[in-house]
There are 2 protein chains.
Amino acid sequence: MRESEKEIVRSLPLFSGMAPDHFEIMLKGSFLQKFPATVVLFSEQDHTDFLHVLVDGQVELFANANNREGTMTLIKPVATFVLASALADGAYQLSARTLQTSQILMIPAENIREVMALDSDFAQKTIVELAECYHGVVRAYKNIKLRTAVERLANYLLVQNRRQGDNDGLVLPVEKRTLASMLGMTPENLSRAFNTLKPYGVVIDGAEISLNNLSDLETLAKPSAHIDAN
Amino acid sequence: MRESEKEIVRSLPLFSGMAPDHFEIMLKGSFLQKFPATVVLFSEQDHTDFLHVLVDGQVELFANANNREGTMTLIKPVATFVLASALADGAYQLSARTLQTSQILMIPAENIREVMALDSDFAQKTIVELAECYHGVVRAYKNIKLRTAVERLANYLLVQNRRQGDNDGLVLPVEKRTLASMLGMTPENLSRAFNTLKPYGVVIDGAEISLNNLSDLETLAKPSAHIDAN
DNA sequence: ATTGCCGCTTGACATTTATCAAGCGGCTGG
DNA sequence: CCAGCCGCTTGATAAATGTCAAGCGGCAAT
């Protein structure tokens with residue numbers, strides 16, 4: 001693993017400020033691996049052997065039940081995933097697949113627990129990170145439980161618009177079928193939801209979306225600081 | 001606060017094995033309060049001042065959005081709630097109300113963070129607890145995203161049956177309208193879902209439910225160890 | 001350039017879930 | 001004992017969402 005790659009990982013809030021020797025202990029037995037697109041990294045019932053750090057690419061966390069499959073969340077670099085599972089020393093709870101060619105650092109879950117025991121500052125950062133992850137899932141849960149499909153799409157567009165620089169438009173970062181699954185609907189229903197939003201100034205051109213009437217869209221979406229991420 | 005009450009709190013995995021002086025530091029400024037039923041304890045946007053421990057009674061965590069309200073989870077004694085919020089030092093994220101007369105120990109969130117910094121064993125236990133809470137929400141999220149209303153009800157009945165001693169029956173621990181909200185449906189729809197389950201041996205008499213054909217019910221429910229709690 | 005695949009869209013239709021309205025029946029306060 | 005409230009149920013209907021089938025159009029391999 002190159003120094004430049006180590007620096008990328010170190011730049012994460014979770015690992016920043018960690019003593020160099022602790023960082024090295026953690027990386028012992030870790031490896032940075034490159035995966036092609038559409039590869040399943042692990043399944044929900046597998047035992048959690050590694051904390052994953054997505055260095056480059058894109059990863060989808062999903063789950064299966066009753067012959068259905070649903071996207072739970074999308075991971076974008078640079079970010080860790082399955083932290084809670086690595087700490088609880090049980091199953092992953094979610095399956096993961098790459099959506100693009102991805103570089104992933106795999107840190108033995110055991111190392112995380114080991115370093116946490118001897119570095120109370122790292123333990124503190126882990127707790128904060130975990131608490132934030134927890135709130136992320138709570139947000140997602142509220143989103144799907146309290147909003148209709150059209151409302152979820154409208155709010156998604158507003159969040160992406162903000163993240164991409166408030167330019168009254170955005171580029172979808174994933175295929176529409178993946179977006180549909182993430183928003184908890186079928187691809188057909190997503191197409192229709194986009195049509196429903198047309199009167200609210202939403203113009204679709206492939207993956208490029210223009211938002212020409214933000215205030216009307218917000219009236220429909222009723223964005224909430226307690227549901228929508230920053 | 002009486003010694004017997006302290007013992008109840010201490011019996012929780014989170015606090016067990018904690019040094020007595022650390023336990024006392026944590027309880028400084030804490031108070032055990034009795035609330036009548038139907039009282040709102042806090043709202044989702046409020047700043048998290050206290051970690052709550054439900055000693056006796058029943059509490060509902062819920063959320064509002066778009067003029068809708070939904071039950072997120074039910075707390076039964078003895079258990080802590082809003083741990084993640086207390087650790088993250090932000091808003092509660094969820095609102096809470098009592099469903100019955102309840103006794104609640106309120107521990108200043110600050111105390112938790114303080115003791116965690118000086119008791120690495122407690123920090124460790126907090127992490128495990130938080131990771132379990134995290135998986136609880138992930139389960140709830142999968143449940144609502146991958147199952148229909150009837151399936152959610154069927155699985156709920158199977159879990160309650162197991163928890164209440166595998167006697168081919170159970171008593172609903174909450175009003176049906178609350179159960180409906182927790183399962184993400186209207187009370188009308190819950191009534192109809194119960195009717196749908198009649199051919200699967202589910203007999204309803206008020207709050208008392210008999211399950212006369214577990215194997216058929218399981219075929220419909222398709223219970224999953226990765227969704228349904230233990 | 002052509003072919004075939006694949007993601008997306010659209011239409012028709014089915015299913016699921018919610019809404020509105022009415023009524024039943026137990027419980028409780030007077 | 002009775003009235004009224006409230007939780008629950010049922011029926012009728014509407015809205016939301018999913019399913020199935022067909023077709024369009026870009027893109028990549030040949």
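Reader: What makes B:Lys176, B:Arg177, B:Ser191, B:Arg192 and B:Asn195 stand out among the 15 residues around DNA strand D?

Author: In this predicted model, these five residues of chain B come nearest to DNA strand D, out of the 15 residues around the strand. Of the atoms of DNA strand D that come within 4 Å of the protein, sugar and phosphate account for 64%.

Reader: How do you know which classes of residue make up the surface near DNA strand D?

Author: Glycine counts as polar, and Asp, Glu, Lys and Arg count as charged; on that basis the surface near DNA strand D has 7 charged, 6 polar and 2 nonpolar residues.

Reader: Which helices supply at least two residues each of the surface near DNA strand D?

Author: They are α8 (187-197) of chain A, and α7 (176-182) and α8 (187-197) of chain B. The largest share of this surface, 4 residues, comes from α8(B).

Reader: Why is the approach of B:Arg192 to a base nitrogen of DNA strand D called a polar contact?

Author: A polar contact is a pair of N or O atoms within 3.5 Å, and a polar side-chain atom of B:Arg192 lies 2.7 Å from a base nitrogen of DNA strand D, so the pair meets the definition. From chain A, a polar side-chain atom of A:Glu188 lies 3.1 Å from a base nitrogen of DNA strand D, and one of A:Arg192 lies 3.3 Å from a base oxygen of that strand; these pairs, too, are polar contacts by the 3.5 Å cut-off.

Reader: What makes the sheet of 4 strands in chain A an open one, and what is its order?

Author: The order is β2-β7-β4-β5, with antiparallel pairing. At the edges stand β2 (40-42) and β5 (68-75) of chain A, each with a single partner strand, so one side of each is left without a neighbour in the sheet. Direction ignored, neighbouring strands of this sheet are turned by 35° against each other on average.

Reader: How do you know that β2(A) and β7 (residues 95-98) of chain A pair?

Author: Two strands pair if at least two bridges are found between them, and these strands are joined in the antiparallel sense over 2 bridges, so the condition is met. In β7(A), A:Ala96 is the bridge partner of A:Phe42.

Reader: What packs on this sheet?

Author: Helix α5 (residues 120-146) of chain B packs on the sheet, touching β4 (59-65) and β5 of chain A, and the direction of the helix makes about 130° with that of β5(A).

Note on methods
Residues numbered from 1 in each chain as written. Chains lettered and ligands numbered in written order. Predicted model: local features only at pLDDT ≥ 70, side-chain atom pairs only at ≥ 80, totals over all residues. Heavy atoms only, no water. Near = heavy atom within 4 Å. Polar contact = N/O pair within 3.5 Å; in protein donor to acceptor, adjacent residues only side chain to side chain. Axes fitted to C-alpha atoms, helices over the stretch in contact; angles between N-to-C directions. Contact = heavy atoms within 4.5 Å.
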